[in-house]
Structures are given as structure tokens and as C-alpha cells.
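Some labels on a structure deserve a challenge. Here are short questions about what earns each label, with the value set against its cut-off.

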Amino acid sequence: MSAPIQVQAVTKAYASKKLFEDVTVSFHAGNRYGLTGPNGAGKSTFMKILSGELEADTGMLSRPKRTSVLKQDQFAFEEYRVIDVVLMGNKPLWIAMEEKEQLLAKPDITDAEGERLGELEGVISEEDGYEAESKAEGLLSGLGIPESQHTRLMKEVAGGYKLRVLLAQALFGKPDALLLDEPTNNLDLDSIRWLEDFLCEYEGVLITISHDRHFLNSICTNIADIDYNTIIVYPGVYDDMVIAKGQIRSRIEQENVERQKKISQLQEFVAKFHAGTRASQVQSRKKQIDRLQLSDLKRSNIERPFIHIAVKKPSGKQTLTIERLNKLWENADDGEDLIVCDDFHALVTKGEKIAIVGANGVGKTTLCKMLAGELEPDSGVITWGHAATLGYLAQDHRETIADGTTVQDWLHSFAPQTNLQDVRGLLGRMLFKGEEGLKPTDALSGGEAVRLIFSKLMLMQDNVLILDEPTNHLDLESIVALSDALEKYEGTAFVVSHDRDLISHFATRLFAFTPRGLVDFRGSYDDYLERYGSGARAKG
């Protein structure tokens, strides 16, 4: 069994903000750890410290020699073939293969070079080099990358595919430790399920960051939670951690209440008899007070936004009619024509909650843009019913927020008649508290931009929501809040998401991209999986 990852007395701070202090923790082979905590808690920073990319302020770290890290720079391998980028995940194998190729390219080989070739053959054999390409192809296919892309240069493949290639690279070569920061980003639902199966069979030490609760519940044996400026490891999956953490805090709070009550009683006795004849009893009570110290309850970093989207005025019963809708993209990412929809019909009534699902690159965003009126279909008609008003969160939502203003002023501009105090209240619900409402829009992080657009949706109170990947950049607490809000929303909703828990909680109907085309499925996501299973993956 491989060595653990060991962290001793590690501290990291940026300016005056301390992310974690004097952290000592071990991550053992055979366990799969989810690294959790709210945005800004320091998850990615801690992962960079584990990988050696970043130095801690204090402390020591040890990790297995063969530690594989999911790289984030998708443009670092532009001149290499996709299959070769995966093979680079096994560094000793890749170096040996390259050197062997260089030696064989020489017109004449010396005796020393011949001996070196023998040594290289030994390395390649030891690293399963003669099966390497087939194993790499298996990883690529499992992650949804078509075989036609495997021998293309990285600069020739789409951005979403590049990120999957880097994930395949991290998984390749039987590493002793795996560090994966948001591995499900840019994966469709089938690829996520494949990755879950792969990781559940992995025997080394796995540490992963993910905002996908279903993913964490499917693969994790432990949760390492960053909160209270430290890291606490809980046994079990993410939901187990949430329960255990709440129980521990509730128990401490209850114990503190009981101790405070006892302290008050003792203090009352001391105050009453301190000048009397019962001096020995008073001293005894004082010692008891000293022993009954309250347990320290540090403030948690976790904050959940409050998302509640009311409907100002309901739409008519027939909210949306789609008739003979057609859309084709010529020469899409893989060079072939992409049929988004072909003679698609649908009638949507008030209050229906529709999840739009399918593989990456099949046209989910295109469908959202057509529904939102930002893109014309090739043919067919999209008709919104009486009094329907649309609230839209685009996948490229950051571009919809104007620079050169503040969070507060940007939001207020959509309803100038609204009292500024009410605008500030809305922002506070979405964690823009106090002076944060004056933050320049140019400086917003991805998560802050999403929360600001939700503030706008709450302000406008539209009766139709079109949300394209709303969970991108949100932490787990915010995703849970969004799931609750969609369930309670009284209007009609169309939501693109790869978050299975979110879809399972709110969706009553699906627009699903399948190998048979765009399908209107009436039922829950679980019903859909039961009907179509893993064969639901569309091209892409």
C-alpha cells in the first residue's frame, strides 16, 4: 500500500486573512477524501499546497512520489496529440518512450546507445508501456471524447474536450495519490457516472474538490472540511458530514447553555454570601466556576444565501408553445454538422419545472438562447403565452453584468423605483453584506457574479426562468439554496445543469438530448434514467 499524504502544522494566510492555522492531518491510501468548504475558505489553496505548487507559510508536508494532479492550463499542450497528452500522465513512461524514439531515429547506434535502448525497454515494460495507448484510449472514451479526436492535436479540439484530456492524463499510469480540483467540470452526466465508477475502484489516496454533492456522496469515504480556520476529517460521505457537523455544534451549544446556567447559579451564591460566614463554601463555588469554562465556539465560515424568487404576476396557463422547431449548426466542433433539434414540438403549462439535459456540445445552450429570444431558429415557432415574463441567466453570464459600476447600482438600475434599502436587503440575502454592495462589478468573482444575477431575478420576479448552468461557480451551500428555491418557485422553469441532485429535486419534466434527437420526456430525472439508462448519451 502506498504512503499517505501527511500534513504537519501547516498555516496559510493572505494579508490579514488566515485561511487555516496549524493544520495537522493525514490522508491514507484506500480512502477517498472530499475537500469541502465555502467559496473563499481555501480549498484550492490547500490543494496547491498538497501538490507542491504553493508553499505554506509554516509547516511540513510529505506525499507519495507518484502523485498525480489535475492540471488547470488547458492550453499547455497545444502542439501534442491528444493521446500523447494522456500518456504524459505517467512521467517515467513518457520520458522513456521519447528517448527510445530519438535513439531509433538515428542512422547509426553505438554500443552504449544499444545498451541504453535495452534499459529503456525495461522501463517501458515495467510501466505497462505496450498497453499504454489502449488504456489511454479507454480513459478518453470513458470521458466522452470520440475516437476521432484521439490522434488530433490539442489545439484542434474544443475547449471542453481539452479539460477532459487533462483529467484523463491525471488518471493515467496508476498514481499512488490523486489530487483532483473540480474533476466533473465540463463533464456530461454519463461521463460523471463513468468517473465515479473509475474512482471507486482506485486504490491509492484520492483528494478531490467538487461542488457536485451527488458526486461526493457517490465516491467519498471521508470528508475533509475546511472551516473554523482548520481542517476536520469526518468519516462517510458529504451528507454524513453535514449531519455530524451540525450534531457536534448543537451538542457544544447545548453543553454551553447548561454550563452557563450552572455558572449563573454559582455566581448568584458567591454574590449573596461573599461577605458572610460561609467563606469556605464561597471559595468552593469559585473553583467550580473556574472549572466550568465554556467550550470555544469559533465562527463558521459557512454562509448560505437566501434565494426566494417570487412571481409578481402569473402567466397564462399555456406558458409556451413550440411548433416544428429546427436548428442546425454546420461544421460544429468535430467538423460535422450538429442537429440541435429536428421538427421539435412541445406545449408547456404554467408551473412546470423542466431540466434540459444531454452531453456537452449537443445544443443545450443553443436551445436556451432560442427560448430567451437571443437566437433565431432555422425554422419553426416559439410562442410565449399570455403575460409570460422571462428571467434569463446565460451560461456566459459574466458578460451580462456591465463593468464600471457597483453591485448596488447595477442591481438598482433594473428597478429605479425600488427603495435603495430594499435593494441592499436583497443583496444581503445573497451575501453582499454592508460595504460589499459597493464592490465594483469589474472585480466580481465567478460565484459573486452568479449571486448578483440571482439578486436581479429576485428583484424582477418574472414568472418564467431560463437558467443555463446556474450552479457554475456556486459552492455547495449556494447550490442547496438554489435547489430549495426552484422547488418552491411558483412559475415555470427551464434549467440546464449537470448537477444530478438539483435535477432530481426540482424537475417534473425533461428536454433531453439523446441519440434519437431532442426528446420531450414527461417525468422525473430518475424516471428518465430508468427508461433510458446509460444509453441516453447523445453525440458529443
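Two strands pair if DSSP finds at least two bridges between them. The model is predicted.

Q: What makes β10 and β13 paired strands?
A: Strand β10 (residues 318-329) is joined to β13 by 5 bridges. The rule asks for at least two, so the two strands count as paired. They run antiparallel. Across this pairing, Glu 323 stands opposite Val 381 in β13.

Q: Why are β11 and β13 called the edges of their sheet?
A: The sheet is open, with 3 strands in the order β11-β10-β13 and antiparallel pairing. β11 (338-349) and β13 (379-384) each have a single partner strand, so one side of each has no neighbour in the sheet. From one strand to the next, the twist averages 15°. Helix α11 (residues 364-371) lies across β10, β11 and β13, at about 130° to β10.

Q: What makes β1 a partner of both β2 and β4?
A: Strand β1 (residues 5-14) shares 7 bridges with strand β2 (residues 17-27). It shares 4 bridges with strand β4 (residues 58-62). Each count meets the minimum of two, so both pairings hold. Both are antiparallel. Val 10 has Val 23 in β2 as its bridge partner, and Gln 6 stands opposite Ser 62 in β4. In the hairpin of β1 and β2, 2 residues lie between the strands, and Ala 15 takes a positive phi near 55°.

Q: Why does Thr 45 count as buried or exposed?
A: Its relative accessibility is 14%. Buried means under 20%, so Thr 45 is buried. Thr 45 sits in helix α1 (residues 43-51). Beyond its neighbours within four places in sequence, its contacts are Lys 12, Tyr 14, Leu 19, Phe 20 and Leu 54.

Q: How do you know that the length of helix α4 agrees with its residue count?
A: Helix α4 (residues 111-126) has 16 residues. At 1.5 Å a residue, the expected span is 22 Å. The end C-alpha atoms are 23 Å apart, which agrees.

Q: What makes the buried residues of α4 line one face?
A: The buried residues are Glu 113, Leu 117, Leu 120 and Ile 124. Seen down the axis of α4, they fall within an arc of 65°, so they line one face of the helix. They pack against α3 (91-104). The face turned away from them carries the exposed residues Asp 111, Ala 112, Glu 115 and Glu 126. After α4 comes Asp 128, with a positive phi near 55°.

Q: Why is the pair of Trp 384 and Phe 494 called edge-to-face?
A: By the ring-pair rule, the count is 11 aromatic pairs. In this one, the centres are 6.0 Å apart and the planes stand at 85°. The limits are within 6.5 Å for a pair and over 60 degrees for edge-to-face, so both conditions are met. Trp 384 lies in strand β13 and Phe 494 in strand β16 (residues 492-496), so the pair ties together parts 110 residues apart in sequence.

Q: What makes the pair of Phe 494 and Phe 511 tilted?
A: The ring centres are 6.3 Å apart and the planes meet at 45°. That angle is neither under 30 nor over 60 degrees, so the pair is tilted. Phe 511 lies in strand β17 (residues 509-514).

Q: Why is Trp 384 only partly exposed, and what of Phe 494?
A: Trp 384 has a relative accessible area of 22%, between the 20% and 50% limits, so it is partly exposed. Phe 494 has 0%, so it counts as buried.

Terms used. Residues numbered from 1 in each chain as written. Predicted model: local features only at pLDDT ≥ 70, side-chain atom pairs only at ≥ 80, totals over all residues. Heavy atoms only, no water. Buried < 20%, exposed > 50% of the residue type's maximum accessible area, 1.4 Å probe, protein only. Contact = heavy atoms within 4.5 Å. Expected span 1.5 Å × (residues − 1). Arc of directions from axis to C-beta. Axes fitted to C-alpha atoms, helices over the stretch in contact; angles between N-to-C directions.
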